[in-house]
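Trainee: I have a protein model open and would like to learn how to read it. Where do I begin?

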Amino acid sequence: MESTAGLHPRQETPPRTTPGADRSDSNENALVIHPQASQYGWFRSWRSTILAAGFAVLIVPIISAGSWFSPADSPIDPTNYALRTKRVLETTPLIDGHNDWPWLIRVELHNRIYDGSFDPNQRLLGHTDIGRMRQGMMGGQFWSVHVKCDAAQKHFEDPSWIVRDTLEQIDVAKRFIAESPEVFTYCETPSCARAAFKNGRIASMLGIEGGHQLGGSIAAVRQAYDLGVRYITTTHNCDNAWATSASTVAKGSPDKGLTSLGAAYVREMNRLGMMIDLSHVSHQTMRDVLSITQTPVIFSHSGAYSVTPHLRNVPDDVLRSIRRNGGIVMAVFVNRFLNMKDPSAVTIHDVVDHIWHLAEIAGWEHVGIGSDFSGTPFTPSGLEDVSKYPDLIQLLMARGATDAQIRLLVGDNILRVWESIQRRAREIQAEGEKPVEEEWEGRKWHKGYRNSPYMYRETRERAVREDWGQPDQFNVGKSGGHGSAVKAENDI
């Protein structure tokens with residue numbers, strides 16, 4: 001039965017039989033219901049479609065108008081660099097590659113942050129505090145858990161407390177991040193960094209500034225990764241078991257580049273998905289690493305060597321390799337790296353010059369920002385602290401950078417590189433590659449004891465032949481006293 005029907009009294013002549021009619025021969029007063037054709041039948045058949053199409057016709061202009069007048073999307077004067085910068089930084093996280101604030105907490109407060117003396121919400125001296133980070137529209141920060149090279153170490157194999165101190169720096173960084181959950185979110189993945197930014201937080205990640213901080217041990221690299229560290233600066237201002245530093249070359253020593261153990265370090269960093277940072281390394285080390293790495297690399301805080309020929313900066317041939325490698329160079333704000341001849345005259349415009357050259361040679365897809373705030377003693381005029389990032393972005397726009405290029409610079413590049421490194425690490429692990437077990441070839445190992453329950457005969461025989469001694473707790477004299485509990489030199 002159609003939804004609309006005609007009702008007619010029964011006629012004297014027999015009616016036609018029509019499908020759908022309800023006819024009664026026994027009741028003269030019965031009504032016969034016939035379907036009634038209508039000139040509007042086509043409309044009834046297509047009514048839903050027509051209404052939907054009409055709704056779409058009406059709503060599209062409204063949506064378009066709303067989009068046009070939306071503050072986030074409406075066209076603006078391209079020379080309004082302040083508004084363009086605000087829009088970019090509201091929608092793309094500005095992630096700085098290097099800030100040494102945890103080191104200042106160690107030096108000034110001995111890592112004590114609960115006694116009331118440390119309030120990051122206050123306006124502090126120096127370069128960094130929460131208020132200025134918010135003013136600078138920051139979306140993320142790699143905090144450097146730095147410990148200086150140990151001057152007492154004449155050789156990187158000499159005993160040192162540096163690994164202990166590094167663990168303490170990881171600890172205090174995590175603790176001060178956790179103390180301000182309304183501001184910071186501790187992150188170990190790029191997806192966490194993106195989510196933190198969407199939630200209005202500053203994503204906080206950890207980087208170790210120097211392989212010396214891990215005692216030249218690849219096993220320690222793995223433990224650092226498990227503790228949440230996501231990049232390692234291959235060297236700081238001293239050589240280590242893996243590579244030659246730029247500082248060593250600057251002092252007149254030869255540039256030996258990467259060591260054989262350094263090649264093993266690169267393999268393990270690739271397998272783990274840890275970012276290899278080449279800031280501070282010698283130029284030959286840069287080239288050696290780029291020749292063997294399976295993942296992109298980063299420079300967390302470096303400049304352009306062709307602009308300022310400081311050995312801490314990156315030469316053009318390496319920049320071209322970075323383009324092929326898919327990595328990133330994060331532009332530094334350290335005065336002496338920006339202008340060797342007159343560091344005191346450095347301004348924000350010098351940083352723009354370095355960024356521009358990095359982008360011209362490596363490409364806008366391979367440049368970022370790595371200030372070295374709270375580490376460098378002097379900063380460029382106009383880039384005095386973490387509140388000044390928007391000023392830098394406006395100057396780059398004034399020079400001709402597009403909004404899309406700025407988005408790459410401030411955060412999209414480092415997140416893409418990080419994601420690429422993690423993806424390749426999953427592939428390497430899926431291929432069955434085992435953790436690296438190489439050690440420095442000159443490493444000395446502690447001996448055991450003469451009568452330990454050794455697994456192999458040759459070890460037992462050597463322990464007797466070389467008289468490895470007994471554990472201190474078994475060497476009790478007649479008076480019941482113990483000897484020294486410290487291993488003697490001949491135990492090594």
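The dialogue below goes from the overall fold to salt bridges, one buried residue and the pockets.

Mentor: Keep in mind that this is a predicted model. Begin with the secondary structure and the burial.

Trainee: How many helices and strands are there in the protein?

Mentor: The protein has 16 helices and 11 strands. Of its 492 residues, 46% are buried. Contacts come next: among those with a separation of 6 or more, 68% join residues 24 or more positions apart.

Trainee: How should I read a salt bridge?

Mentor: Side chains of opposite charge can pair when their charged atoms come close. This structure holds 21 salt bridges. One of them joins E419 and R194, with the closest N and O atoms 3.1 Å apart.

Trainee: Which parts does the pair of E419 and R194 tie together?

Mentor: E419 is in helix 15 and R194 is in helix 6, so the pair links parts that are 225 residues apart in sequence. E419 is partly exposed at 26% relative accessibility, and R194 is partly exposed at 31%.

Trainee: What about a pair with a shorter separation in sequence?

Mentor: Take E466 and K447, whose side chains meet in a salt bridge at 3.8 Å, N to O. E466 lies in the segment after helix 16 and K447 in the loop between helix 15 and helix 16, so this pair ties together parts 19 residues apart in sequence. R450 and D467 also form a salt bridge, with their closest N and O atoms 3.4 Å apart. R450 lies in the loop between helix 15 and helix 16, and D467 in the segment after helix 16, so the parts they tie together are 17 residues apart in sequence. R450 counts as partly exposed at 30% relative accessibility, while D467 counts as exposed at 52%.

Trainee: Which residues are linked in a network of salt bridges?

Mentor: R106, R164, D165 and E168 are linked in this way.

Trainee: Where is D350 found, and is D350 buried or exposed?

Mentor: D350 is in helix 13. D350 is buried but has no salt bridge, and the nearest side chain of opposite charge, R399, is 8.6 Å away. The cut-off for a salt bridge is 4 Å. Beyond its neighbours within four places in sequence, D350 contacts L338 and A345.

Trainee: What should I note about a pocket?

Mentor: Note its volume and its lining. The largest pocket has a volume of about 1,000 Å³. It is lined by 31 residues, and F156, E157, D158, P159 and S160 are the closest to its centre. By class, its lining has 12 nonpolar, 10 polar and nine charged residues.

Conventions
Residues are numbered from 1 along each chain as its sequence is written. This is a predicted model: local features need pLDDT of at least 70, side-chain atom pairs count only at pLDDT 80 or more; totals for chains, interfaces and linings use all residues. Side-chain values use heavy atoms; hydrogens and water are left out. Helices (H or I, at least four residues) and strands (E, at least two) are DSSP runs, numbered from the N terminus. Buried means under 20% relative accessible area, exposed over 50%, partly exposed in between (1.4 Å probe, protein chains only). Lys and Arg count as positive and Asp and Glu as negative; His and the chain ends are not counted. Contact means heavy atoms within 4.5 Å. On a 1 Å grid over the protein atoms alone, a cavity is a set of points where a 1.4 Å probe fits but cannot get out, and a pocket is an open set with protein on both sides within 12 Å along at least five of seven lines; lining residues have an atom within 4 Å of a point. Grid points are joined across faces, edges and corners, and a volume is the space filled by probe spheres set on the points. Ala, Val, Leu, Ile, Met, Phe, Trp, Tyr, Cys and Pro count as nonpolar, Asp, Glu, Lys and Arg as charged, and the others, Gly among them, as polar.
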